[in-house]
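I opened this notebook page to record the empty spaces in the model and the residues around them.

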Amino acid sequence: MKALANGSDGRPRCWWGASTPDYERYHDEEWGRPVRDERGLYERMVLEGFQSGLSWLTILRKRENFRAAFADFDIESVAKFGDRDVKRLLGDAGIVRHRGKIEAAIANAKAAAAMHAIGESLSELVWSFAPDGRRRAARSPEDLAAITPESTALSKQLKKRGFRFVGPTTAYATMQACGVVNDHLAGCWVRDEVEEARLA
């Protein structure tokens, strides 16, 4: 598999970031750039959970619908969702209608809200598993891990606090999306920007 591909502006990107305009925009502007706010982390964790078994492009194209359905991913608001909301969400064709994932998204808001109630932060927890310093850039897709010791440890801590649909693979995908790790490939024009922001 080719590691890098040129996007619409001719600049080299991770191979997947040049495949569609939606992916190019997400790759360039968002993926891997540090997310430290609670709402942003919760949103990405939920969306990565919904993506399990599906194409990320499917989730990306439904993202605004997800935001509307889940109160713009406001943790305290979603934590108050009940059976009526589950029924409403199961009837919403704009999102992925999977009962287990919907119930997990609500359970995860409740778990995050419970952390807030005792003075803990989801952001601090997730970022506590960031590797120290700079890591060598992967040169090909084959060099990228799906699970790491850090994502396994993060998954355990999240589950301990009542989070669901947060196995080591989903935990790692969240870490990638939120810039906790920088998995832009060597030669990708975004990589250095992401690395500087991540270590700032």
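I looked up the lining of the largest cavity and found Met45, Val46, Gly49, Phe50, Lys101, Ala104, Ala105, Asn108, Arg164 and Phe165. The model is predicted, with pLDDT of at least 70 needed for local features and 80 or more for side-chain atom pairs, while totals for chains, interfaces and linings use all residues. Residues are numbered from 1 along each chain as its sequence is written, and side-chain values use heavy atoms, without hydrogens and water.

I worked on a 1 Å grid over the protein atoms alone: a cavity is a set of points where a 1.4 Å probe fits but cannot get out, a pocket is an open set with protein on both sides within 12 Å along at least five of seven lines, and lining residues have an atom within 4 Å of a point. I noted one cavity of 30 Å³ or more; the largest has a volume (space filled by probe spheres set on the points, which are joined across faces, edges and corners) of about 60 Å³.

I then turned to the largest pocket, at about 450 Å³. Its lining has 16 residues, and Trp15, Trp16, Trp31, Ala173 and Gln176 lie nearest its centre.

For the second largest pocket I recorded about 210 Å³. I listed its lining as Asp22, Arg25, Tyr26, Glu29, Glu30, Leu60, Arg61, Arg63, Glu64 and Arg67. By class I entered two nonpolar, no polar and eight charged residues, where Ala, Val, Leu, Ile, Met, Phe, Trp, Tyr, Cys and Pro count as nonpolar, Asp, Glu, Lys and Arg as charged, and the others, Gly among them, as polar.
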